[in-house]
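Q: Could you walk me through how to read a structure like this one? I would like to start with the overall shape and then go to a single residue.

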Amino acid sequence: MRTPAEIATAFAPRSALDGVRGLFLVGIGGAGMSALARLARSQGLTVAGTDSTASDETDRLMAEGIAVEIGHRATPVHDFVTAVGPSESVAMVLTDAVDLATSPEVAAARTLGLPLLRRSQLLGWLLRKRKVIAVTGTHGKTTTTGLVASALVSAGYDPLVVVGAQIPAWGSPVLYGVGEYAVVEACEAYDSFHDLDPHLVVLTNLELDHVDFHGTWENLRASVARFIARIPSDGALVYTPADPGSCEVADPFPGIKRPFQPSDLGNHPLALNGLHNRANAAAALQVVAHLGADLPSAMAGLARFTGAERRLQLRHEGPIGPCEHLVLLDDYAHHPTEIVASLQAVRERYPDLPLHVVFQPHLYSRTAGLIPEFADALSRADHVTMTDIYPAREAPVPGVSSARITELLTVPFHYVPSRHQLPTEVAKIVPKRAVVVAMGAGNISEFPAAFLAELGRPLAARAKVAVMLGGDSAEREVSLHSGIAVAEALTRRGYDVTRIDPAELLWREQSLVRLLGPQRPDVVFLAVHGTRAEDGTIQGLLELLDLPYTGSGVQASALAMDKEATKRVLAAAGIRTPHGQLLTGTDPDAVTFDGPYVVKPNAQGSTVGLSFVDDRAGLRDALARANRFGSGALVEEWVVGMEVSVPVLGGRALPVVEIAPASGRYDFASKYLPGATDEIVPARLPDAVTEAVQAIAVRSHDVLGCRGATRTDMIIRDPHGAAEIFVLEVNTLPGMTGTSLLPNSARAAGIDFDTLCELIVEEARR
């Protein structure tokens, strides 16, 4: 935004526009700038411009024949000057959001010698031949400008009107009247209203705001007073004695003061709700009374005015999705006073519906000094969902956060730091009957459409499931087999199934669009294995996308994948594991206990990189092999006995699987080659041992914080005697291939493969 120094030194005087034939507008897609583009063209000037992003407004401008380039570049400026030429007849107009130091258009203008002007300077110049009715104040400017205009139009004055927002009833922020009066919204931010020549000023109210520019109340008051001082003797200052700030500014100007009060309207009805809007309408009525207009005609115009865009604008009313009756309102309120007024108006109109506010604070500088006031104002709702501050061009301020407002709220609230998650999060908590108000001056304006799209997602009989398979770990091929089998099973069960390979998604498609928006899956079935799959990486991505997924969460996945960390956690819970040691090198002498050994990568799934070593002489090669699959090798005592695996599903242990590899060693080949291993279900164990290993599996699952389906692998030394039980590892995403242990165990429990896949999906959805 603009600083006083920039305003004083970087911009040409307004008179630089005299004699220009062409205007290049940077930020042309904004509501105010697009209005000026149309107004300038209506006065015979050639207009073009740039904007950072395409929008409905830029599309409309182009359809009307105004050249708009999307993206900030210097080339369109040079092309425009060449087409209009010479450069002396072209000026560049900037929104206050354009950074003079980094803008390529500004650099081009300086090279070409084009004068730079603010948006407000262009507005003042375009209105130089009219009597300007300027509506200023901290709150209510847009609505009051629209009310004044509607009253004057109804009274036959045909004014030119420029408002800072779309007026739905007009289809534009501009009315191209040809009468002698112009009605404009005159903003006190960054002193932009000083570029206007006021004939009559409406001061709706005044309290400290825009502290990033004015700093203090005294500075703001002085700025407004300088503006009022320019009113001619036949003009007027319309203000309310009910507002202390307005009175303080108006007192030095007794000859032009015209007070208004809401009671001036009598019992005349308005289309707009709220005491604040009755005050706004009373101000408009005082304006037309000063001009000598026919008051009954003007009053009819006030009664017809239905408001401006994002001023408690109705976006939806009625049933949608799971809601029996939803009222969705979009509101620009971004100051505690405005919030109080808007919520009072909503209560007045919808007294019997619970009121949910979705609020985005605007600017760190504004929020910093008003945290208690924001909390008090928002606590007038029944529920508040808060998201992070919209900064505009401000840098974050230490200690200033939306979270500080939530700490002071006296009503239930949700804090959703990322606004992108608001549609899904609010959809989870909104009652079947409610008023939801999206509130704030930033990009919270995007919420209503996204929220309606979220609520309107088709309620299919079966969920949309994205089966994630493949990936980029050493177990990619195994994962492909698992994923294909799962996808086919869920398709047979009637689910809407898509297959997604995360490696392809990120590196070839380079887009997450299939996982976002109303068309996203209801749940992701993780059929991936190994690193960046079972270690919390993909889980973290899905958490960021707010997508339910099968298997354990980020922490449990990362913990279980780190075998040495798993051993420490299990040992602390009294669960026995083989004696072991974590090494990062290949020196056999670093191993502090005698063999035989099992050596494996510390952070790999399955049996990848596993070695069985009879004595210390074989350790070097085994350590080198394990370290090729990651940093760190776990060396454990080779416990000889019966190897078993116990799946846990839905919090209960399934039948124990006895693993009997033909080679006597359960390595990668023994695990995945058909016929290489006998898997005996249920395991040939005494009942007491069976119960013991099942209890240990459930306990391990719980201690690590797992959810969904897991599989705990164990060795039982002397299974038919003393039965010493050692946990080898806990697998948080068990394989789902034709030779996988979980499906075999489930089958023994009477759960076929298709049903198993469905159970896993539905648990994830819950």
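A: Happily! The radius of gyration is taken over C-alpha atoms, and the globule rule is 2.2 Å times the number of residues to the power 0.38. Keep in mind that this is a predicted model.

Q: What radius of gyration does the protein have, and what would a compact globule have?

A: The protein has 35 Å, whereas a compact globule of 766 residues would be near 27 Å. Along the principal axes, the C-alpha atoms fill a box of roughly 110 × 60 × 45 Å.

Q: What does the secondary structure come to?

A: There are 27 helices and 31 strands in the protein. Among contacts with a separation of 6 or more, 69% join residues 24 or more positions apart.

Q: How much of the protein is buried, and how much area is exposed?

A: Buried residues are 56% of the 766. The protein exposes about 30,300 Å², with carbon and sulfur atoms supplying 53% of that area.

Q: Now to one residue: where does His362 lie?

A: Look in the loop between strand E15 (355-359) and helix H13 (364-368).

Q: Is His362 buried or exposed, and why?

A: Buried means under 20% relative accessible area. His362 counts as buried because its relative accessible area is 13%.

Q: Which residues does His362 touch, not counting residues up to four places away in sequence?

A: Those are His334, Thr367, Ile389, Tyr390, Ala441 and Gly442. In addition, the His362 side chain makes a polar contact with the side chain of Arg366, at 2.8 Å.

Technical notes. Residues are numbered from 1 along each chain as its sequence is written. This is a predicted model: local features need pLDDT of at least 70, side-chain atom pairs count only at pLDDT 80 or more; totals for chains, interfaces and linings use all residues. Side-chain values use heavy atoms; hydrogens and water are left out. Helices (H or I, at least four residues) and strands (E, at least two) are DSSP runs, numbered from the N terminus. Buried means under 20% relative accessible area, exposed over 50%, partly exposed in between (1.4 Å probe, protein chains only). A polar contact is a pair of N or O atoms within 3.5 Å; within protein, one must be able to donate a hydrogen and the other to accept it, and residues adjacent in sequence count only if both atoms are side-chain atoms. Contact means heavy atoms within 4.5 Å. Accessible areas come from the Shrake-Rupley method with a 1.4 Å probe; for residues, only the protein chains shown count as cover.
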